[in-house]
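Let's work through a few exercises together on a two-chain model. Have your viewer ready, and try each task before reading its solution.

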2 protein chains.
Amino acid sequence: MPTYKAPITEFKFLMQCFGYDDSTYDSDTALSIMNTVDQLTQQVIFPTNQIGDDNHPSYDSQNKTVTLPKEISQAYNTLINQGIVSLGHPSEYGGGNAPQALLGFVAEILLSGNSSLSMCHGLTSSAILCLHHCASEPIKSLYLNHLVSGKYSGTMCLTEPQCGTDLGLIKTKASPHQEHYLIHGQKIWITFGEHNLTENIIHLVLARLPDAPDGIKGISLFLVPKFLDDGTRNAIYCSGLEKKMGIHSSPTCSMSLDGAHGWLIGEPNKGLRAMFVMMNDARIYVGIQSLALAEVSYQTAIEFAKQRRQSRSTNIKRQELNEPADNILVHPDVRRQLLSCKSTNESMRALVFMTQKMIDNHEHERVSFLTPIIKSYITERSNRNISSALQSMGGSGYVKDWLIEQYYRDARITMIYEGTNTIQALDLVGRKLPKDGGKTYRDIIGMLREESETLPEQYKRCLIESVDKLDQATQWLMSNALQDAEQGVAVASPYLNAFALTLLCYCWGKMVKTAGEGSTKDKTGLYFIEHELIEIDVHLATIKKGKTYIMSHGRNEW
Amino acid sequence: MPTYKAPITEFKFLMQCFGYDDSTYDSDTALSIMNTVDQLTQQVIFPTNQIGDDNHPSYDSQNKTVTLPKEISQAYNTLINQGIVSLGHPSEYGGGNAPQALLGFVAEILLSGNSSLSMCHGLTSSAILCLHHCASEPIKSLYLNHLVSGKYSGTMCLTEPQCGTDLGLIKTKASPHQEHYLIHGQKIWITFGEHNLTENIIHLVLARLPDAPDGIKGISLFLVPKFLDDGTRNAIYCSGLEKKMGIHSSPTCSMSLDGAHGWLIGEPNKGLRAMFVMMNDARIYVGIQSLALAEVSYQTAIEFAKQRRQSRSTNIKRQELNEPADNILVHPDVRRQLLSCKSTNESMRALVFMTQKMIDNHEHERVSFLTPIIKSYITERSNRNISSALQSMGGSGYVKDWLIEQYYRDARITMIYEGTNTIQALDLVGRKLPKDGGKTYRDIIGMLREESETLPEQYKRCLIESVDKLDQATQWLMSNALQDAEQGVAVASPYLNAFALTLLCYCWGKMVKTAGEGSTKDKTGLYFIEHELIEIDVHLATIKKGKTYIMSHGRNEW
């Protein structure tokens, strides 16, 4: 049975590299929390991972209930009893007020342990944030304590059969009724929409008020609890479960609202704005989710590699002739596969840490700019890394014994949910980049240029080169997309990827600055620069080609 | 329920582009066979695909038998009753003697229909080839008729727990006994090692004779039938089934040989040579398998895209304001995802067709050179394409309804089995490239340069550029790997990929030459050149870096 151990030394190292605000939890306390979470994950969470994969939630169509395996319930209960899920939330509702920099790491550990179970408290966390920012006081005092403790869970109900990406097509209706609203409609793909882990489920539902304008400007947000205040069952029911490739501990529900009682959150017709408080938090969480799976996959591949011997090194110095064959870590192509994981996993974690610290510092504009990059690049790259780690194990990667095939399946959803990666790229290029005349872009690029001066020579040079290339791409975007928006849309994904690679180069520079030249970090960082960063040139070449070859096919040529 | 239709017009088109040898089957007969196989696949094979995925083969540990769902048996029986599995085999054993150019396409259709079931007759086919080339007449007359008809199936038994890639570590022993041998050992990961589809199973088993030299020079090949000539059960038993990510219609067996009777095939200690007749055939088949899954995934994504409407085009000319949203095919990023599939799938099929024609023309050296490229590049790229197709469908790609999540799981094994893709790259760089002083390399490069003159201008230019770059990379390899073999091993994978991209560029040139400039093919081909071929620069840059950054980590730095 493969194992998992939280990369706590990595976290300590990142605290050194990027600093850590110890005003609420000093670094010793932070480390002791991480050690607790690591123990808990190893003993209670990780062992449920394959159980949850093999034993899908069961749906009772009579009572419209969803039941998870008892091991999953027990693991969830341990999490709430130990106060882990409350750690990050405001102390006024019983939370621990921990900084994001610590929470991101706690999230990574739990997501490595059981990625799909962790979606329950992960989404609840985002719901708490949304209610804390947008809900009225009576609503807050009714629900926030129980959400923070984990006694209740939260969901986000956006998608309907006719609309996923395009929320403007939402049909669910809310009609005023006494002090609240009655809601009718169908929602699909609702993560933890129904389950038996908590006493109540608090749904945040997008719907239209009567006479609301068409499209996204006519959408409002409602709180719809499974059980009302007085304990009566509200008319929101699970009508079925999706059968999926993975994340089997996470029930994906179709929900039917048949006059369910709902309460407006935030202003009428401004529902998307409120929902995006929740969504942006969830987007970073999904980035961490994929990274967590890439990390545990890498650990698994290394554990396998250390015990596996096949063939001889072509380099006499690496041969161990007293053994029947050499350890597979001597083989360059195995190393290439593993270094492609290691060099990106470590820098993606640094990027997440840096962004979480920006949340702690209230640098909202920077966070908002980096969020789509984290969601899209990290999920795409993590999927690639899991595939490389699996590949390095040969047939052992494809069978269930080493669990990595489960990580491969579980991770695939991260490129899709909470807004597909295409949507992230459009968010970056269409909203975040042009906002305030490119102010945040200039701020981030300025920071990279300024800090590049302090980095070890090779990283400095590569970072400046990358930033220069990114500036050229941005120039291309400004001059072309302004005249023809379709040009901007066509190059959004490669632009996002080029930006991400530049940021990872910066993160490597910061890490090697602390670790020192010639250190293991430096070796891994140089691998990144020489073997991974070069992909930036493909992205930039692609951008300069614009939409021409993408849009040339006519309607009947498919 | 999504559908599949064999791309027969593509095949007709490839016959036009590359020519077709109609000496045994004229092109009308070939087309009529393909239509039959298409009908059969749509009606009988494709409907078993999800059934086989949901209902894993069952293992009876008492009787050591493996039973597949009855729908799978019925589908297999239809295939043999219609003579489809016999089509390619020598007429002296009841086969149809069809050319490879036709067979490759028939294989693609069946593999799109049910990829894992098709491994049964696919591997049998490779076993027939091996026996036809290497077995004695008595063995041939005992088994070949029944293998050709599909009444018997064949397996290849190579892997043991301690050796996958490194066959030199094989421990299974063969001791002389009367006219034959008694074989003792354990084999794992044996595809269709045990099942209830055929009356007998003919295993081709690698084992060591007494006093055989160590390593791969001491391995012999034996035929070990499940039932002996006189009907008695031979002592080769299935001891368990693997639990896998996909290919659930294909039972993966552990086999235990407890003094099983075996007959030597080919010369003693030259077993790998005989097995490689089988293996090379199977490697091309696995390339086709992954392409087949990429094709049916693309078809599924297009079927989905044509009915799905989300959001508005940013280009007014593409908007359909009488509809609530525009068809997703107007969105550049969806097109990019689908064109990345279309432009590589079509040219990979051309590469397979071209190679199959070389088999028909007995151009063995060229085929042997191209085999690792087909196995490695096509399987890797097909997996990427299936992921892109899945991505274009959003959440619908992740749930079971559209089957594409199954293709994603089923295809993942193709990068691993029949020699991992690393092994393919080492085969290309270590054996095929240096053979006879680089003769086949120069032959293929010469052909590309010569034919480039006949291609449409843009393709000609790109092909010459790519061939020049490839020549530089080969130069680099020759000057570096000769002094330090580890340099060659370190760059083998990017070298193989650069070679593959050059070949696909050639295939596009050939296709556009036939289809004409401005045609749909030309539009797709230009997309390939402008958006896909550029990856060659990353491969070449990687090659020039050699092993430096790959081998810098010490033993304790993992």
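The exercises below go from confidence to fold, then to one helix and the contact between the chains.

This is a predicted model, in which local features need pLDDT of at least 70, side-chain atom pairs count only at pLDDT 80 or more, and totals for chains, interfaces and linings use all residues. Residues are numbered from 1 along each chain as its sequence is written, while chains are lettered from A and ligands numbered from 1 in the order in which they are written.

**Exercise 1.** Find how confident the predictor is in chain A.

*Solution.* Start with pLDDT, the predictor's confidence in each residue, from 0 to 100. Its mean over chain A is 97, and 100% of the residues reach 70 or more. Next, take the scores of the model: ipTM is 0.98 and pTM is 0.98.

**Exercise 2.** Describe the fold of chain A and judge its compactness.

*Solution.* First, count the elements: chain A has 18 helices and nine strands, taken as DSSP runs (H or I, at least four residues, for helices; E, at least two, for strands) and numbered from the N terminus. Second, compare sizes. The radius of gyration, over C-alpha atoms, is set against a globule rule of 2.2 Å times the number of residues to the power 0.38. For 558 residues the rule gives 24 Å and chain A has 24 Å, so chain A is as compact as a globular protein of that length. Third, look at burial: 59% of the 558 residues count as buried (20 or more other C-beta atoms within 10 Å of the residue's own, with C-beta atoms placed from the backbone).

**Exercise 3.** Check the span of helix α15 of chain B and find what covers its buried residues.

*Solution.* Helix α15(B), residues 457–481, has 25 residues. The expected span is 1.5 Å times one less than the number of residues, which gives 36 Å; the helix reaches 35 Å from its first C-alpha to its last, close to that value. Its buried residues include B:Y459, B:L463, B:L470 and B:L477. Among the elements covering them are α13, α14 (439–452) and α16 of chain B.

**Exercise 4.** Work out how the two chains are related and how they meet.

*Solution.* Superpose by least squares on C-alpha atoms of residues with pLDDT of at least 70 in both copies. A rotation of 180 degrees with 0.0 Å of shift along its axis brings chain B onto chain A (RMSD 0.0 Å). That is the relation of a two-fold axis. Now count contacts (C-beta atoms, placed from the backbone, within 7 Å): 68 residues of chain B touch 67 residues of chain A. Finally, 99% of the interface residues of chain B are also interface residues in chain A, so the copies meet through the same surface.

How values were computed
Buried ≥ 20, exposed ≤ 12 C-beta atoms within 10 Å, placed from the backbone.
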